[in-house]
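Biologist: I should like to learn how a structure of this kind is read, feature by feature. Please show me the structure before we begin.

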Amino acid sequence: MTVLSRFSNKVVIVTGGGSGIGQAVVRRVVSEGGIVIAIDVNETGLKAGVKQTEKIAAAGGRYSFKVGSISDEETVKKIIQEVVDQEGRLDVLINVAGILRSSKFTETSLEEFMEPITVNLVGTFLTCREAMPHLIKTKGNIVNCASTSARFGHPYMAGYSASKGGVEAMTKALSWEYMKEGVRVNAVCPGGISTPMKESQGERMGGLDQSLFAHLMRIDYTCGEPDHVAAVFAMLASADGSFMTGEIVKVDGGVHN
Ligand SMILES: NC(=O)c1ccc[n+]([C@@H]2O[C@H](COP(=O)([O-])OP(=O)(O)OC[C@H]3O[C@@H](n4cnc5c(N)ncnc54)[C@H](O)[C@@H]3O)[C@@H](O)[C@H]2O)c1
């Protein structure tokens, strides 16, 4: 197997690096020589990353983390500035952090509707905005995390689907706005992937029409693994994606074709 070192000397922030897809992205980028700083509210998951990466670090790859919420403006400002002060630069921002909420539409409170919007969309806005001046200096890039919920609409997930639709639209807007500065902005759009978020879906769906959900989501198919998605995040974030910007790349095993 060819060992890639596409992230040698690259400083890479990964939000949501404490679980599931984000943790897989951390492992992938560290294994390819990246200097990765994971941000998450899940301190236990972030600490697990230390063990997960110690044997795979190659070509100077290393891992550290910062505990904090991407939806808190002051926290995001502080953490991104700290990363740049400590490492001297920022080359890549990979936004994976997210939450899923499910409920019948007419029974959804404003607060419940806003939760995924606040983390998935506003959080992504905040990290992109704070990282952008540093990425302009390095001609770096951003890879955001959308979802097939945005493109195809999933029942009982109005707020979540809307938040991910917003991430897609914002990704495209930023790709135009920063094209001349040489900053690429893309997104990965995962389908069903085996992670703690996916595994807790049954619990969240309690009391809802599971058969409608199963039919529309086609959840009887085999889920993908976090590593399937991490590989695409890494491709877009590396020089292999250098002629791509404003792309939303679906990774769902073809289920939504
Ligand atoms: N698993 C799937 O089937 C699937 C499908 C489509 C899209 N996605 C998206 O992929 C991304 C990763 O999801 P996952 O399946 O790995 O879920 P996960 O729950 O395993 O991981 C999400 C991580 O985000 C962190 N997080 C949540 N709120 C945060 C906040 N405010 N600040 C910082 N970190 C926060 C969590 O603590 C967790 O570690 C999410 O954006 C999700 O919407 C997942």
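Modeller: We may begin with the pocket: the space taken by the ligand is the largest pocket. On a 1 Å grid over the protein atoms alone, a pocket is an open set of points with protein on both sides within 12 Å along at least five of seven lines. A molecule sits in a pocket if more than half of its atoms lie within 2 Å of its grid points. The model is predicted: local features need pLDDT of at least 70, side-chain atom pairs count only at pLDDT 80 or more, and totals for chains, interfaces and linings use all residues. Residues are numbered from 1 along each chain as its sequence is written, and side-chain values use heavy atoms, with hydrogens and water left out.

Biologist: Which residues come nearest to the ligand?

Modeller: A residue is near a molecule if one of its heavy atoms lies within 4 Å of it. There are 30 residues around the ligand, and Ser19, Asp40, Tyr160, Lys164 and Thr195 come nearest. By class, this shell has 14 nonpolar, 13 polar and three charged residues. Here Ala, Val, Leu, Ile, Met, Phe, Trp, Tyr, Cys and Pro count as nonpolar, Asp, Glu, Lys and Arg as charged, and the others, Gly among them, as polar.

Biologist: Which element supplies the largest share of the shell?

Modeller: Helices (H or I, at least four residues) and strands (E, at least two) are DSSP runs, numbered from the N terminus. The largest share, three residues, comes from α7. At least two residues each are supplied by α1 (20-31), α6 (158-177) and α7 (196-199).

Biologist: How are polar contacts with the ligand to be read?

Modeller: A polar contact is a pair of N or O atoms within 3.5 Å; within protein, one must be able to donate a hydrogen and the other to accept it, and residues adjacent in sequence count only if both atoms are side-chain atoms. In this model, a polar side-chain atom of serine 19 is 2.6 Å from a ligand oxygen. The side chain of serine 69 places an N or O atom 3.0 Å from a nitrogen atom of the ligand. From glycine 191, a backbone N or O atom lies 3.3 Å from an oxygen atom of the ligand. The ligand taken alone exposes 820 Å², of which the protein buries 91%; the areas come from the Shrake-Rupley method with a 1.4 Å probe.

Biologist: Is asparagine 95 buried or exposed?

Modeller: Buried means under 20% relative accessible area, exposed over 50%, and partly exposed in between (1.4 Å probe, protein chains only). Asparagine 95 is buried because its relative accessibility is 2%. This residue lies in strand β4 (residues 92-95), and its side chain makes a polar contact of 2.9 Å with that of asparagine 144. Serine 149, in helix α5, is likewise buried, at 2% relative accessibility. Its side chain is joined to that of histidine 154 by a polar contact of 2.7 Å.

Biologist: What should a reader look for in the backbone angles?

Modeller: Most residues other than glycine have a negative phi. Asparagine 9, although not a glycine, has a positive phi of about 65 degrees. Asparagine 9 is in the segment before β1 (11-15) and is exposed, with a relative accessible area of 61%. Tyrosine 156 also has a positive phi of about 65 degrees. Tyrosine 156 is found in the loop between α5 (148-152) and α6, and is buried at 15%.

Conventions:
On a 1 Å grid over the protein atoms alone, a cavity is a set of points where a 1.4 Å probe fits but cannot get out, and a pocket is an open set with protein on both sides within 12 Å along at least five of seven lines; lining residues have an atom within 4 Å of a point.
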